[in-house]
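Hi,

Here is the structure I said I would pass on. Have a look at it first, and then read my notes underneath.

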Amino acid sequence: MAQFGSALGAAPGFGQDAAKHHDGVEAEVQRRLKKLEKQEDRAMRHAARERAHEVERERAQTDSAASVYFVASCNFILALSLIPPFFGTAWAQKGWKGFGVSIFWLRTGLIWMEVDVECNGKFLEDKICQVAKQVNGVYMLHTGVNIMCAVSNGACQIMNQLFLCSFIIFGTMTLQILMMLTASVMLYNYWMSEPLPHIRRLAVALYVGAPLMGMMGLAIWALLSPDIGHLPHRWTTFSSSITGGLTLFGYSPLYEPYFGWCFWWTLAMDILCVVTLSMWGCFFRKHKLEDQARENELRTRELLENQVVGSDTLLHRGGVGVGPGAPAGSAAPSPSALHPSGGVWT
């Protein structure tokens with residue numbers, strides 16, 4: 001009986017311990033649940049950040065692709081737009097008015113020159129002007145040089161210098177057009193076929209160098225090209241030497257822009273090249289497969305070098321294998337085995 005009473009006295013303490021244990025287990029469960037919830041929240045936030053970064057990368061690639069198509073198309077159009085000034089007749093122009101002549105225009109290009117004489121309609125002066133008007137027309141530039149050389153040495157020097165300076169524009173503009181077309185082709189090939197870093201760098205260098213080449217040619221031509229406004233003075237000097245100091249006709253220049261539409265057109269195309277290049281720099285990012293393409297290129301090059309070294313080694317030994325340790329008579333690897341991707345980059 002005493003033992004039963006002692007057990008009954010101990011029962012309330014046992015119940016309190018069980019309750020405390022249950023509370024501790026429940027608290028541990030709640031703590032672990034909160035920890036799991038925090039881990040899930042961190043995982044969800046990390047996954048959300050990764051998705052956001054992936055979306056941002058895809059958007060950047062889409063913008064880059066659009067910029068590649070835009071710049072390649074614009075550059076191709078601008079390169080073709082530089083061709084008309086080659087055949088224009090208004091790189092340099094000058095106008096005069098004088099006795100018997102209402103307006104006398106002389107325009108020179110890289111290949112052609114144009115003479116335009118307008119008469120004022122007065123009776124006596126018109127007779128003289130009609131004679132001068134017979135030279136109206138478009139002539140080859142070297143023909144104009146020969147005519148001026150037949151008139152006077154001074155005029156011959158001016159036209160000769162103008163003719164030689166035209167080769168500056170010929171050279172720089174031809175290089176500029178070739179650089180622009182090559183850059184467009186290389187950039188398109190980089191994005192659609194071979195996203196290799198050296199192709200991208202070379203395309204960017206050509207894009208930057210093309211307008212610089214054009215502007216440099218325009219600046220050098222503008223500095224070295226003679227002023228055709230001095231031609232009438234050379235003509236009258238020659239006529240005065242024949243007539244004993246009597247000037248056959250007086251003239252006064254028209255205050256019009258010296259450079260014609262060919263010059264301004266070319267300058268505008270160069271400025272547009274710079275504008276499109278700056279826009280491209282704001283949106284273009286390197287291709288997402290560029291690093292993989294670089295690794296594949298290095299691996300392919302290494303395999304080719306190993307094949308060549310192995311072939312040379314076996315040839316020295318009198319074998320016909322294709323690699324180090326290859327048995328004699330073994331076949332060469334197929335070209336697809338040399339390129340891990342086995343296909344064309346897209």
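Below are my notes on a strand, a surface patch and the cysteines.

Before anything else, keep in mind that this is a predicted model.

Let me start with the strands, and with β3 in particular, which covers residues 112-118. Its side chains alternate between two faces. Met113, Val115 and Val117 point to one face and are buried. Trp112, Glu114, Asp116 and Glu118 point to the other face and are not buried.

β3 has partners in both β2 and β4. Strand β2, residues 101-108, runs antiparallel to β3, and 6 bridges join the two. The connection from β2 to β3 is a hairpin of 3 residues. If you want a spot to zoom in on, Leu106 sits opposite Val115 of β3, and Val115 is one of the side chains on the buried face. Strand β4, residues 137-140, is also antiparallel to β3, with 4 bridges between them. There, Tyr139 of β4 is the bridge partner of Met113, another residue whose side chain is buried.

Next, the surface. Phe76, Ile77, Leu80, Ile83 and Phe87 make up a nonpolar patch, and together they have about 480 Å² of accessible area. Helix α1, residues 2-81, supplies the largest share of that patch, with 3 residues. Phe76 is a good one to click on: it lies in helix α1. Its relative accessibility is 43%, so Phe76 counts as partly exposed.

Then the cysteines. How many disulfides does a search of the whole structure find? The count is 1, and the pair is Cys149 and Cys156, with their sulfur atoms 1.9 Å apart. The link between Cys149 and Cys156 is right-handed, with 60° about the S-S bond.

The two ends of that disulfide are worth checking for burial. Cys149 has a relative accessible area of 30%, so it is partly exposed. Cys156 comes out at 13% relative accessibility and therefore counts as buried, the cut-off for buried being under 20%.

While you are looking at cysteines, take Cys165 and Cys262 as well. Cys165 is buried because its relative accessibility is 6%. For Cys262 the relative accessible area is 0%, so that residue is buried too.

If you only have a few minutes, I'd begin with the alternating side chains of β3 and then go to the disulfide of Cys149 and Cys156.

Cheers

How values were computed: Residues are numbered from 1 along each chain as its sequence is written. This is a predicted model: local features need pLDDT of at least 70, side-chain atom pairs count only at pLDDT 80 or more; totals for chains, interfaces and linings use all residues. Side-chain values use heavy atoms; hydrogens and water are left out. Buried means under 20% relative accessible area, exposed over 50%, partly exposed in between (1.4 Å probe, protein chains only). Two strands pair if DSSP finds at least two bridges between them. Patches are made of residues with over 30% relative accessible area and no salt bridge: like charges are joined within 9 Å, nonpolar side chains (Val, Leu, Ile, Met, Phe, Trp, Tyr) within 5 Å. Accessible areas come from the Shrake-Rupley method with a 1.4 Å probe; for residues, only the protein chains shown count as cover. A salt bridge is a side-chain nitrogen of Lys or Arg within 4 Å of a carboxyl oxygen of Asp or Glu. A disulfide is a pair of cysteine sulfur atoms within 2.5 Å.
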